[in-house]
Amino acid sequence: WTVGPSRTSADGLYVSSREGIRSARPDIAYADGRGPNLLAAVGDSYTFGLEVRFEQSWAAQLEALLGPEFRLLNFGVDGYGVDQAYLRYQRDVRPWRPALVLFGFIEHDLARSMVVYPFVSFPEWGFPFSKPRFGLNGGALELLNAPLPGPDDVLGTRAIRELPFIDLDPGYHPGDWQRGPWHASYLLRFLISRFPRPTPANPRAEGEIVGRINTELLLSFVRRATTEGSEPLIVYFPSWGDFQGQDRSGKAVVLRNLQRSGVTTVDLTSCIRALGPREAFIAGRPHYAPAGNTAVARCLLPVVRERFQTIGA
């Protein structure tokens, strides 16, 4: 899934350009806006600016702070993992040849990269699609589940175990889909649901492999962007869990791996903490409020300006 061209959401909050890029007004064409001061942002809903108006998103605010000679194209897509953002960069961002590309991610994006069928791992999303999945072959990235099976193929499958690459989805546990004699008893079914047994981790979708695949995806982005003449900038966006004591070891591993490889990253956790999480997030929602987006734009401004000075040098 991606942002369709020239679309307007039912509530009018989101609009896309003719190229499938978030825009302020419908039917805008950004094709004439290329130039030496062109930036692009790619990532998930935090990059897209979900739940706020276009002008309130951090990307639009950062563009305004940089000045009229700059343009920042927002290629963010709701629900993307690091892998899908990487593929979006390759297919949709590279042709624009931006001077600088911001690649944003949150902790949950690392887990999303391991998923093949979101409706299995994240049924609450309501996304009826399959998605690409990368693996490692001799340490190199290998794209799996491509081309993607269509809805008819997925819905027409007789049993979930027959779906392509279902064994690589961390949300798939074969025992959950097998009928046993205990299912005849409502009491036993209740007890099993209330006190589920721990399921063994899938070494091909959980644990160490998560950090390895996501690290390689981001390193590959950096190499490709540099080869294409774009300055890469990887940005970590903190979500509510970063301020509630939730495990963030995945993010720590990936950022540490990148730094060991000589890749500079920006962690916006201190930026959002300085504002205050209750001020930064929409009440009762996972995304940044307008104030949080403003804080992000202001924190990124000096970093982006410094990068452009380096590009100019």
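The paragraphs below follow the disulfide and several salt bridges through this structure, which is a predicted model.

We begin with the covalent link. A disulfide is a covalent bond between the sulfur atoms of two cysteines. A search of the whole structure finds 1 disulfide, and it is formed by Cys-271 and Cys-299, whose sulfur atoms lie 2.1 Å apart. The torsion about the S-S bond of Cys-271 and Cys-299 is about 95 degrees, so this disulfide is right-handed. Because Cys-271 lies in helix α10 (residues 269-275) and Cys-299 in helix α12 (residues 290-312), the pair ties together parts that are 28 residues apart in sequence. As for the surroundings of the two cysteines, Cys-271 has a relative accessibility of 8% and therefore counts as buried, the cut-off being under 20%, whereas Cys-299, with a relative accessible area of 30%, is partly exposed.

We turn next to the charged side chains. Side chains of opposite charge can pair when their charged atoms come close. The count for this model comes to 16 salt bridges, and a few of these pairs are followed here.

Helix α12, which holds Cys-299, also holds Arg-307, and this residue is linked to Glu-231 in strand β6 (residues 231-236), 76 residues apart, so that the pair joins distant parts of the chain. In the salt bridge between Glu-231 and Arg-307, the closest N and O atoms are 3.0 Å apart. Arg-307 counts as buried at 13% relative accessibility, while Glu-231, with a relative accessible area of 22%, is partly exposed.

Another pair that links distant parts of the chain is formed by Lys-251 and Asp-267, for which the closest N and O atoms are 2.9 Å apart. Lys-251 belongs to helix α9 (residues 249-260) and Asp-267 to strand β7 (residues 265-267), with their positions 16 residues apart in the sequence numbering. Here Lys-251 counts as buried at 13% relative accessibility, and Asp-267 counts as partly exposed at 30%. Elsewhere, salt bridges that share partners join Asp-44, Asp-109 and Arg-112 into one network.

The last pair is that of Glu-55 and Arg-53, a salt bridge in which the closest N and O atoms are 2.6 Å apart. Glu-55 is partly exposed, with a relative accessible area of 46%, and Arg-53 is likewise partly exposed, with a relative accessible area of 41%.

Notes:
Residues are numbered from 1 along each chain as its sequence is written. This is a predicted model: local features need pLDDT of at least 70, side-chain atom pairs count only at pLDDT 80 or more; totals for chains, interfaces and linings use all residues. Side-chain values use heavy atoms; hydrogens and water are left out. A disulfide is a pair of cysteine sulfur atoms within 2.5 Å. Helices (H or I, at least four residues) and strands (E, at least two) are DSSP runs, numbered from the N terminus. Buried means under 20% relative accessible area, exposed over 50%, partly exposed in between (1.4 Å probe, protein chains only). A salt bridge is a side-chain nitrogen of Lys or Arg within 4 Å of a carboxyl oxygen of Asp or Glu.
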